[in-house]
Amino acid sequence: MSKTLQAVRGMNDILPDDAETWEHFEDLVRDWLKSYGYRPIRMPIVEPTPLFKRAIGEVTDIVEKEMYSFEDALNGEQLTLRPEGTASCVRAAIQHNLVAGSGPQRLYYHGPMFRHERPQKGRYRQFHQIGVEALGFTGPDIDAEHIMMCARLWDDLGLEDVNLELNSLGSAEERAQHRAALIAYLEQHQARLDEDGKRRLYTNPLRILDTKNPELQDLVEAAPRLADYLGDESRAHFQAVQVLLTDAGIPFRINHRLVRGLDYYNRTVFEWVTTRLGAQGTVCAGGRYDGLVEQLGGKPTPAAGFAMGVERLLALWRESGGESDRVRPDVYVAHLGEQARRLAFRAAESLRTHGFAVLLHCGEGSFKSQMKKADASGAAVALVIGEDEAAAGEIGLKPLRGPGGQQRIALEALPEAVAGLLYTEEEDDDGSV
Ligand code: HAM
């Protein structure tokens, strides 16, 4: 016998119990995004590889070792499964002239992203992001808006222990000055650098500050700080973001070593971190990327955004007791016999026309076993249609969770009768009757 096929390592099936929680979460998130005036955009999952190389940076973990790239067998084009959404979103905005044509854009997207990382709890090879990008906004207000949006969502979801870390990466010139000072400093200590550090010394020294290697912590601690190289404008921008956050009562910690793993950022960067999820505690991250639109061939356009990791947020939500109830049908339709089945279909469709969720029994089975299924489905009401009912053109109606016995009614009277039973049951649940 051949071996059973399994999903690709690090890529998960989301089974119905979980998928319902996902959908509930996505509904909440959509309403939240709309309440801030963000509009949806959907980009392809596959993009030309050079897009990510140019946007994220050649010397980043993502581009160096985590991209699922392949050659299009038909035309030889280099393609990549998107590892993130910002590059695609900016590409789409440039391609369709969104900002130049219609002014600043507040956009959001959600969907799967792909990174060939070592899978562990909270870190997957296919994971999902909800991303927000605001294109065409210069001021610190949009940076603050993004952070405040997140704070509101955590609050709406009842999440606890999600802490904000904030830093400013300054402008490209300020980073260049800091970079020169950093390289000079690291050159003095070159012998102590690990392999990654040596490789990144001249290509991406800022990322060395982000090292997890415990033996390098004192070296990194004493390194020249970017904060000391920020000019007046960058300082004022960062200060203004902090004032707005303080006004909104959002606590933050300035983390000078927060540099982010993607090269497009400048000025404000932030991460929301929790200690409740183990090693993979960053649930949301983002910042400003004023140079990216131009770098990808568009007109200079300031921009900022962030993305949340859905798997991580849902794990945290679950921890805080936020799982959604199972989705239940209103009505289960049980039937026995050829004529009864025909009437059952008519009854079910008639109820659906009136907006009820109806589960119609399909297949064989005695009334006893069908009623067991009706009960297990969580439906509030069962329709019971046997030969007698079918002959009379009537329907048996039985409340499954409220008081009252089975009654027989005409097909035409069914929607109103079901509504009556469901309504009574809701009142009972409330305890208000
Ligand atoms: P990122 O920090 O690479 O930023 O990813 C954002 C979030 O996606 C992370 O904080 C984490 O919650 C989640 N995430 C990343 N990798 C994985 C993984 N392997 N498994 C599970 N979750 C993961 C970006 O992607 C930027 N595009 C964010 C952004 C938007 N910046 C500006 N606009």
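Buried means under 20% relative accessible area, exposed over 50%, and partly exposed in between (1.4 Å probe, protein chains only). This is a predicted model, where local features need pLDDT of at least 70, side-chain atom pairs count only at pLDDT 80 or more, and totals for chains, interfaces and linings use all residues. Residues are numbered from 1 along each chain as its sequence is written, and side-chain values use heavy atoms, with hydrogens and water left out.

**Exercise 1. Work out which strands stand at the edges of the eight-stranded sheet.**

Step 1: Get the terms straight. Strands (E, at least two residues) and helices (H or I, at least four) are DSSP runs, numbered from the N terminus. Two strands pair if DSSP finds at least two bridges between them.

Step 2: Read off the order. This open sheet runs β1-β5-β6-β11-β10-β9-β7-β8, and its pairing is mixed.

Step 3: Check the ends. β1 (39–40) and β8 (253–254) each have a single partner strand, so one side of each is left without a neighbour in the sheet.

Step 4: Zoom in on one end. Strand β7 (residues 163–168) and β8 run parallel, joined by two bridges. Here E165 has R253 in β8 as its bridge partner.

**Exercise 2. Describe the three-stranded sheet and the helix that packs on it.**

Step 1: Start with the order, β2-β4-β3, in an open sheet with antiparallel pairing. β2 (46–48) and β3 (68–71) are its edge strands, each pairing on one side only.

Step 2: Look at one pair. Three bridges join β2 to strand β4 (residues 78–81) in the antiparallel sense, and E47 has T80 in β4 as its bridge partner.

Step 3: Add the helix. α2 (residues 49–56) touches β2, β3 and β4, and its direction makes about 75° with that of β2. Touching, or contact, means heavy atoms within 4.5 Å; axes are lines fitted to C-alpha atoms, for helices over the stretch in contact, with angles from 0 to 180 degrees between N-to-C directions.

**Exercise 3. Find out how the rings of Y264 and Y265 are arranged.**

Step 1: Know the rule. Rings of Phe, Tyr and Trp (its six-membered ring) pair if their centres lie within 6.5 Å; planes under 30 degrees apart count as stacked, over 60 as edge-to-face and the rest as tilted.

Step 2: Apply it. Five aromatic pairs turn up in the structure. The centres of Y264 and Y265 are 4.8 Å apart and their planes at 55°, so the pair is tilted.

Step 3: Look around. Y264 and Y265 are both buried, and ring pairs link them with Y289 into a cluster.
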